[in-house]
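This report is meant for a reader who is meeting the structure for the first time. It takes up charged pairs, then the nonpolar core, and then the aromatic rings.

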Amino acid sequence: MSKSKVIREYTEFHRKTDWTHHRHEHNAPELSHYFHGLCGEAGEAAEIFKKVTRVTGYFDMNGFRDGIEGPEIHTQMIKGLGDVLWYFNKIVVWFGTDIET
């Protein structure tokens with residue numbers, strides 16, 4: 001699947017799952033919420049990565065990436081990164097563009 005097709009499909013998914021679609025207030029508190037959400041979710045993903053690297057000592061990151069070591073942690077990481085992408089997309093849309101641009 002091409003990168004542009006993945007981005008288009010994600011953009012459509014985002015539109016369908018956007019629980020804030022009715023707001024579109026484009027004000028500072030709304031943008032602040034999105035930035036805080038982005039930072040919080042990125043921090044959670046970084047915390048997971050920190051714990052994995054502390055335990056594995058960076059020796060089996062391929063096993064972590066492939067979900068072999070700690071599949072539940074792998075799932076948490078993927079979910080967290082999805083949340084990062086969701087907030088990133090909200091910020092981009094707030095500025096009147098999309099991630100395809």
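## Charged pairs, core and rings

Asp83 and Lys79 are four residues apart in helix H4, so about one helical turn separates them. The model in which they are seen is a predicted one. Between Asp83 and Lys79 there is a salt bridge, in which the closest N and O atoms are 3.2 Å apart. The two partners are not equally covered: Asp83 counts as partly exposed because its relative accessibility is 23%, whereas Lys79, with a relative accessible area of 55%, is exposed.

In total, the structure holds two salt bridges. The other one to describe here joins the side chains of Lys50 and Glu47, with a distance of 3.1 Å from N to O. Lys50 and Glu47 are three residues apart in helix H2, and therefore about one helical turn separates these residues as well. Lys50 is partly exposed at 42% relative accessibility, and Glu47 is also partly exposed, at 33%.

| Salt bridge | N to O distance |
|---|---|
| Asp83 and Lys79 | 3.2 Å |
| Lys50 and Glu47 | 3.1 Å |

As background, side chains of opposite charge can pair when their charged atoms come close. What, then, is the situation of Glu41, a residue that is buried yet has no salt bridge? Glu41 lies in helix H2, and the nearest side chain of opposite charge is that of Lys79, 5.8 Å away. Because a salt bridge requires a side-chain nitrogen within 4 Å of a carboxyl oxygen, the distance of 5.8 Å between Glu41 and Lys79 does not qualify. When neighbours within four places in sequence are left aside, Glu41 is in contact with Gly80, Asp83, Val84 and Tyr87; one of these residues, Asp83, is the salt-bridge partner of Lys79.

The largest nonpolar core is made up of 11 residues, among them Leu31, Tyr34, Leu38, Val84, Tyr87 and Ile91. Helix H2, which spans 28-56, and helix H4, which spans 71-94, are the elements that give two or more residues to this core. The greatest contribution comes from H4, with six residues.

Two members of the core, Leu38 and Ile91, illustrate how residues far along the chain are brought into contact. They are 53 residues apart along the chain, and their C-alpha atoms are separated by 8.9 Å. Ile91 has its place in helix H4 and counts as buried because its relative accessibility is 8%. Not counting residues up to four places away in sequence, Ile91 touches Leu31, Tyr34, Phe35 and Leu38. Leu38, with its neighbours within four places likewise set aside, is in contact with Val84, Tyr87, Phe88 and Ile91.

Finally, a search of the whole structure finds two aromatic pairs. One is formed by Trp86 and Tyr87, whose ring centres are 5.2 Å apart and whose planes stand at 85°, so this pair is edge-to-face. Both of these residues are buried, and both belong to the largest nonpolar core. The pair of Trp94 and Phe95 is edge-to-face too, with 5.0 Å from centre to centre and 75° between the planes. Here the two partners fall on opposite sides of the buried and exposed limits: Trp94 is buried, with a relative accessible area of 19%, while Phe95 is exposed, with a relative accessible area of 55%.

Definitions and conventions: Residues numbered from 1 in each chain as written. Predicted model: local features only at pLDDT ≥ 70, side-chain atom pairs only at ≥ 80, totals over all residues. Heavy atoms only, no water. Core = buried A, V, L, I, M, F, W, Y, C linked by side-chain atoms within 4.5 Å. Buried < 20%, exposed > 50% of the residue type's maximum accessible area, 1.4 Å probe, protein only. Contact = heavy atoms within 4.5 Å. Phe/Tyr/Trp six-rings, centres within 6.5 Å; stacked < 30°, edge-to-face > 60°. Lys, Arg positive; Asp, Glu negative; His and termini not counted.
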